[in-house]
Amino acid sequence: MADQAAGGQGLYLSSARCVPMGMPWQMYTFFAIDFVFTPTTTFVLSEAMTQQPRRIYTDGRDWPEYQEPLFTGYSIGKWIDEDRDGKFDTLEVETRHLKVPRIYDQSGIPFHEDGQAIIKERIFLDKANPNILRNQMTTIDNALTRPWSAERTYRREPKVIWTETNCVEDNDIVVIGKEDYRLSRDDGLLMPARTGQKPPDLRHFKE
């Protein structure tokens, strides 16, 4: 909060630098998302700050011996027939191999740096309203004193107007070393982002 008061980004810095949202933030649906179901994989497509589709593998595979960490993580799902009516109605998902550093959401609270977080989800249609999809999410992370659970609710829209949301477009934040500066909208010149900020090291430029 003190950094924001001085003009900085505070804990929201990774998003301000256009780092992809990743899990679980990308499932908060600030913008429209799309679910694509195939016999072996469920894809979650998003237009906001996500560099790749999320893939939930439902082909019965086990966890890979090695997986490069991803912002979306590596997700394995299982379809279950919870009410035993002969139809699958719930998708249970577990996500591991989450890339760090990363943050939970727009609050900027960081995950533990050990990269051992696990996210579990139960995704199902609301029984009273089939246009409502519910996602019960539980995050297990060593940065937390106990597992953190929350439910996200999605509403099916009969007509979606898709737009492009490219974070890097018109982003006026410039990162030099560990410092963030701004580009002036008026003249395009580098300017401080916070009160009292020193200029960057220009030793490789001719003064």
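Two strands count as paired here if DSSP finds at least two bridges between them. Keep that in mind for the bridge partners below, and remember that this is a predicted model.

**Exercise 1. Work out how β9, β10 and β11 are arranged, beginning with the bridge partner of I173.**

Step 1. Start at I173: its bridge partner in β10 is R182. A little further along, V174 sits opposite Y181, also in β10.

Step 2. Check the count against the cut-off. Pairing takes at least two bridges, and β9 and β10 have four, running antiparallel.

Step 3. Move on to the other neighbour of β10. R182 stands opposite M191 in β11, and β10 and β11 pair antiparallel over three bridges.

Step 4. Put it together. The order is β9-β10-β11, an open three-stranded sheet with antiparallel pairing. β9 (173–176) and β11 each pair on one side only, which makes them the edge strands. From one strand to the next, the twist averages 45°.

**Exercise 2. Find the glycines with positive phi in the two hairpins of this sheet.**

Step 1. Take the hairpin of β9 and β10. Two residues lie between the strands, and G177 has a positive phi near 65°.

Step 2. Now the hairpin of β10 and β11. Six residues separate these strands, and G188 in the turn has a positive phi of about 75°.

**Exercise 3. Is S184 buried or exposed, and what does it touch?**

Step 1. Locate it. S184 is in the loop that links β10 (179–183) to β11 (190–192).

Step 2. Apply the cut-off. Buried means under 20% relative accessible area; S184 comes in at 15%, so it is buried.

Step 3. Look for polar partners. The S184 side chain reaches the backbone nitrogen of D186 at 3.2 Å.

Step 4. List the other contacts. Setting aside neighbours within four places in sequence, S184 contacts L189 and M191. You've met M191 already: it is the β11 residue opposite R182.

**Exercise 4. Describe the surroundings of E121.**

Step 1. Place it: E121 belongs to strand β6, residues 118–125.

Step 2. Use the same burial cut-off, under 20%. With a relative accessible area of 2%, E121 is buried.

Step 3. Find a polar partner for the side chain. E121 and N135 are joined side chain to side chain by a polar contact of 2.9 Å.

Step 4. Widen the view. Beyond neighbours within four places in sequence, the contacts of E121 include M23, M27, R54, L91 and M137.

**Exercise 5. Which residues touch the most other members of the largest nonpolar core, and which strands supply it?**

Step 1. The core has 17 residues, and M23, M27, I33, F35, V44 and Y154 touch the most other members.

Step 2. Turn to the strands: β1 (33–37), β5 (90–96), β6 and β7 (132–140) each supply at least two core residues.

Step 3. Zoom in on I33. Outside its neighbours within four places, I33 contacts Q26, M27, V44, L45, S46, Y154 and W162. M23 and M27 also turn up among the contacts of E121.

**Exercise 6. Sum up the protein chain as a whole.**

Step 1. Count the elements: two helices and 11 strands. Along the sequence the helices come before the strands.

Step 2. Add dimensions. The C-alpha trace spans about 75 × 40 × 30 Å along its principal axes.

Step 3. Add burial and surface. Of the 207 residues, 33% count as buried. The accessible surface is about 13,700 Å², with 53% belonging to carbon and sulfur atoms.

Technical notes:
Residues are numbered from 1 along each chain as its sequence is written. This is a predicted model: local features need pLDDT of at least 70, side-chain atom pairs count only at pLDDT 80 or more; totals for chains, interfaces and linings use all residues. Side-chain values use heavy atoms; hydrogens and water are left out. Buried means under 20% relative accessible area, exposed over 50%, partly exposed in between (1.4 Å probe, protein chains only). A polar contact is a pair of N or O atoms within 3.5 Å; within protein, one must be able to donate a hydrogen and the other to accept it, and residues adjacent in sequence count only if both atoms are side-chain atoms. Contact means heavy atoms within 4.5 Å. Axes are lines fitted to C-alpha atoms, for helices over the stretch in contact, and angles run from 0 to 180 degrees between N-to-C directions. A nonpolar core is a set of buried Ala, Val, Leu, Ile, Met, Phe, Trp, Tyr and Cys residues joined through side-chain atoms within 4.5 Å. Accessible areas come from the Shrake-Rupley method with a 1.4 Å probe; for residues, only the protein chains shown count as cover.
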